[in-house]
Amino acid sequence: MLLKLDLAKPLGCDMFGRMMQRNGWNRKYTHTNKNHLLVFVISGSAIFHVDGERISLSVGDMLVIPAGIPYNANTDCSCEYYFFRFCAALAPTQDKPEYPVPGRSISFTVSGVPHRTVVFSAKTSLQDDYQKLYQSIIACLEFNSGGTFSQRLALDLELSKILLLLAQIEERKTNAAPYPLIIEQMLAYIRKHLTEPLITSDVCRNCGISASYGARLFRKYFGMTITSYIASEKLYYACELMNSTGMNISQIAAYLGFCDVYYFSKCFKKKFGKAPTKLFFRE
């Protein structure tokens with residue numbers, strides 16, 4: 001079952017907690033919730049029957065049941081899980097998700113999106129995203145314990161992030177993402193440390209892979225070395241800084257770790273076909 005969530009409309013969590021169920025559970029009773037239900041299994045296993053569909057859950061699985069959908073559940077041993085009951089513009093859909101790829105621009109401007117809806121599967125196996133999700137759960141526990149107005153809002157926002165994570169996983173499953181998760185991690189590390197000295201071995205080691213394997217991935221998906229990719233990202237960042245800050249070219253070159261402004265200008269002209277002064281002193 002695919003679910004569509006409209007992020008332009010309010011989302012609010014009504015109940016949140018951790019539960020343990022043993023032998024049997026409520027298999028004899030069918031429930032129909034007024035609010036949506038999200039279940040995240042952290043130990044054991046369970047079987048859910050959702051609107052006639054049998055769904056097996058084990059550690060690391062997440063299930064979202066929309067409001068008004070009948071279900072029951074049982075476990076032969078035990079099942080420990082976190083749960084959210086929440087209100088949102090969420091409903092089953094037959095539409096396949098579409099993920100337009102934004103173009104690259106030389107500015108800090110964020111590419112617009114044509115809509116505010118996301119699509120994800122009712123059941124999601126988190127796998128590599130398990131720790132990321134668990135961190136969100138821990139944040140929800142902290143927000144829920146305080147009970148202040150701002151903490152309640154933060155809990156709702158954290159739940160929104162969890163649902164967005166499900167949509168990101170669905171995006172990867174549909175092959176909309178052009179490269180695997182490990183490359184996403186490498187790109188994130190590069191962008192985070194872009195103004196620092198970066199070498200291939202550092203990037204790969206911090207992402208838990210060998211330098212040779214990381215190099216093969218970049219050649220396969222980008223047709224270049226990791227070093228060339230880092231240099232390219234630095235030059236794109238240089239364009240953004242020229243457009244949006246009061247830094248001069250020498251300061252930008254030093255900030256991005258180029259050995260001198262002349263080498264920076266040479267790399268810039270090779271990349272964009274014009275000297276940085278042509279962009280920096282534009283009318």
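The largest nonpolar core of this predicted model has 46 residues. Those with the most contacts inside this core are Leu-38, Phe-40, Phe-48, Phe-84, Phe-86, Phe-120 and Leu-163. Strand S4 gives the most to the core, with nine residues. Leu-163 can serve as a point of entry: leaving aside residues up to four places away in sequence, Leu-163 touches Leu-5, Leu-11, Leu-38, Phe-86 and Phe-120. A second core, separate from this one, has 17 residues, including Leu-187, Leu-194, Tyr-229 and Ile-230.

Leu-5, one of the contacts of Leu-163, leads to a sheet. Leu-5 stands opposite Val-118 in strand S10. Strand S1, residues 2–6, is joined to S10 by five bridges, and the two run antiparallel. Strands of a sheet pair through backbone hydrogen bonds, either parallel or antiparallel. Here the sheet is open and has three strands in the order S9-S1-S10, with antiparallel pairing. Strand S9 (90–93) and strand S10 (117–121) are the edge strands, each pairing on one side only. On average, neighbouring strands of the sheet are turned by 30 degrees against each other, with direction ignored. Across S1 and S10 lies helix H2, residues 149–173, which runs at about 70 degrees to S10.

The next topic is the packing of helices. Two packed helices are described by the angle between their axes and the distance between the axes. Helix H3 (residues 181–192) and helix H5 (residues 211–222) have axes that come within 11 Å and cross at roughly 100 degrees. An angle of 65 to 115 degrees counts as roughly perpendicular, and H3 and H5 are therefore roughly perpendicular to each other. On the H3 side the contact is made by Ile-182, Ile-183, Met-186, Leu-187 and Ile-190, and on the H5 side by Gly-214, Leu-217, Phe-218, Tyr-221 and Phe-222. By class, this contact has nine nonpolar residues, one polar residue and no charged residues. Leu-187, listed here for H3, is also one of the residues of the second core.

Another helix pair is formed by H6 (residues 226–244) and H8 (residues 261–272), which pack at an angle of about 95 degrees with their axes 10 Å apart. H6 and H8 are therefore also roughly perpendicular to each other. In H6, the residues Ser-232, Leu-235, Tyr-236, Ala-238, Cys-239 and Met-242 meet Phe-264, Cys-267, Phe-268, Lys-271 and Phe-272 in H8. The residues of this contact divide into nine nonpolar, one polar and one charged.

The loop between helix H7 (249–255) and H8 holds Gly-257. At 56% relative accessibility, Gly-257 counts as exposed, because the cut-off for exposed is over 50%. Its C-alpha atom is separated by 8.8 Å from that of Lys-234, although the two residues are 23 places apart along the chain.

Two other loops contain residues with a notable backbone angle. Most residues other than glycine have a negative phi. Asp-51, in the loop between strand S4 (36–50) and strand S5 (53–58), has a positive phi near 50 degrees. Gln-127 is not a glycine either, and has a positive phi of about 50 degrees. Gln-127 lies in the loop between strand S11 (123–125) and helix H1 (130–146). With a relative accessible area of 67%, Gln-127 is exposed.

Notes:
Residues are numbered from 1 along each chain as its sequence is written. This is a predicted model: local features need pLDDT of at least 70, side-chain atom pairs count only at pLDDT 80 or more; totals for chains, interfaces and linings use all residues. Side-chain values use heavy atoms; hydrogens and water are left out. Axes are lines fitted to C-alpha atoms, for helices over the stretch in contact, and angles run from 0 to 180 degrees between N-to-C directions. Helices (H or I, at least four residues) and strands (E, at least two) are DSSP runs, numbered from the N terminus. Angles under 35 degrees count as roughly parallel, over 145 as roughly antiparallel, 65 to 115 as roughly perpendicular and the rest as oblique. Contact means heavy atoms within 4.5 Å. Ala, Val, Leu, Ile, Met, Phe, Trp, Tyr, Cys and Pro count as nonpolar, Asp, Glu, Lys and Arg as charged, and the others, Gly among them, as polar. Buried means under 20% relative accessible area, exposed over 50%, partly exposed in between (1.4 Å probe, protein chains only). A nonpolar core is a set of buried Ala, Val, Leu, Ile, Met, Phe, Trp, Tyr and Cys residues joined through side-chain atoms within 4.5 Å. Two strands pair if DSSP finds at least two bridges between them.
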